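This report goes from the whole chain down to single residues. Please keep the sequence and the structure in view while reading.

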Amino acid sequence: MEDIKVWLKLFTDRMRTMFSDNICCLGIQGSYARGEAGPDSDIDLVVVFHKLSFDVLQQYKKLLGEIGKGMTLCGFVCDRQILSEWNDGELLQLYFDTLPLYGNLTFISKKINRQAALKLVQQNSNNIYHGCCHNYLFDRDWQLLRNQYKAAVFTVKAKYYYSHDTYITSHQQLQQSADADDKEILSIAAMFKNNCQKKPELLEEYSSKLLAWSSKNIIEFGKGQ
């Protein structure tokens with residue numbers, strides 16, 4: 001963990017030097033932000049510029065190439081004005097799951113509410129439902145199913161926020177606090193993260209459970225609760 005702290009400081013310092021007053025927010029998401037990182041975890045960066053042009057994007061890419069050698073990087077980059085007009089549901093996830101390194105995301109805080117959580121549950125559940133059906137029928141791809149379960153985890157977070165007005169970032173704490181149906185989905189998502197056995201019958205079982213779970217969400221949250 002000390003190595004990542006050193007690298008993130010280097011990243012922050014280099015970004016502030018290269019882009020000076022164009023940085024609105026620098027942060028991280030994912031397992032490093034939650035304090036749940038493992039040896040194979042990637043570094044999920046969040047960068048919001050005041051103004052993002054393709055030239056800025058090229059400079060950012062160059063900087064990552066210089067300091068990111070040997071690191072597994074991914075993340076989100078955006079322009080502040082564009083982000084202000086972003087989908088409210090996705091803003092909720094970005095706002096709560098981002099650990100700031102420099103600056104903040106307070107400019108989107110007015111859009112963070114139960115209605116945004118409802119939108120995220122509806123959107124994610126629709127996408128999961130479609131993706132689950134398509135994957136089972138045509139692709140039968142374990143990585144796609146894994147990604148759908150990953151999306152389900154963030155959907156459970158939004159469901160919990162909608163019901164309790166509290167956003168839980170830790171996956172471990174979420175597992176303890178969620179209701180029974182959601183706990184089962186979270187458990188399967190954790191198995192995927194730990195490289196579960198890829199047996200045909202498990203693909204059938206996990207697809208069936210995900211389809212039933214997303215269907216229930218669509219019906220319940222489609223009514224606006």
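Read from the start of the sequence to its end, the protein chain shows the pattern α-β-α-β-α-β-α-α-β-α-α-α-α-α. In total, the secondary structure amounts to ten helices and four strands. The model is a predicted one.

**The chain as a whole**

The C-alpha trace spans about 50 × 40 × 35 Å along its principal axes. The radius of gyration of the protein chain is 19 Å, which agrees with the value near 17 Å that a compact globule of 225 residues would have. Among contacts with a separation of 6 or more, 73% join residues that lie 24 or more positions apart. The chain has an accessible surface of about 12,200 Å², and carbon and sulfur atoms hold 50% of that surface. Of the 225 residues, 42% count as buried.

**Three residues**

The table lists three residues with their elements and relative accessible areas.

| Residue | Element | Relative accessible area |
|---|---|---|
| Asp44 | strand E2 (residues 43-49) | 18% |
| Leu137 | helix H6 (residues 114-139) | 58% |
| Thr155 | helix H7 (residues 142-164) | 0% |

Is Asp44 buried or exposed? Asp44 counts as buried because its relative accessible area is 18% and the cut-off for buried is under 20%. Leaving out neighbours within four places in sequence, Asp44 is in contact with Gly27, Ile28, Gln29, Gly30, Cys74 and Gly75. Tyr32 is twelve residues away from Asp44 along the chain, and the C-alpha atoms of these two residues are separated by 7.9 Å.

Thr155, in helix H7, is also buried, with 0% relative accessibility. Which residues does Thr155 touch, not counting those up to four places away in sequence? They are Val121, Asn124, Ser125, Ile128, Trp213 and Asn217. In addition, the side chain of Thr155 reaches the backbone oxygen of Ala151 at a distance of 2.8 Å.

Leu137, in helix H6, is exposed, because its relative accessible area is 58% and exposed means over 50%. Where does Leu137 take part in a surface patch? Together with Tyr136 and Phe138, Leu137 makes a nonpolar surface patch of about 340 Å².

**In short**

Asp44 in strand E2 and Thr155 in helix H7 are examples of buried residues, whereas Leu137 in helix H6 is exposed and belongs to a nonpolar patch on the surface.

Conventions. Residues are numbered from 1 along each chain as its sequence is written. This is a predicted model: local features need pLDDT of at least 70, side-chain atom pairs count only at pLDDT 80 or more; totals for chains, interfaces and linings use all residues. Side-chain values use heavy atoms; hydrogens and water are left out. Patches are made of residues with over 30% relative accessible area and no salt bridge: like charges are joined within 9 Å, nonpolar side chains (Val, Leu, Ile, Met, Phe, Trp, Tyr) within 5 Å. Accessible areas come from the Shrake-Rupley method with a 1.4 Å probe; for residues, only the protein chains shown count as cover. A salt bridge is a side-chain nitrogen of Lys or Arg within 4 Å of a carboxyl oxygen of Asp or Glu. Helices (H or I, at least four residues) and strands (E, at least two) are DSSP runs, numbered from the N terminus. Buried means under 20% relative accessible area, exposed over 50%, partly exposed in between (1.4 Å probe, protein chains only). A polar contact is a pair of N or O atoms within 3.5 Å; within protein, one must be able to donate a hydrogen and the other to accept it, and residues adjacent in sequence count only if both atoms are side-chain atoms. Contact means heavy atoms within 4.5 Å. The radius of gyration is taken over C-alpha atoms; the globule rule is 2.2 Å times the number of residues to the power 0.38.
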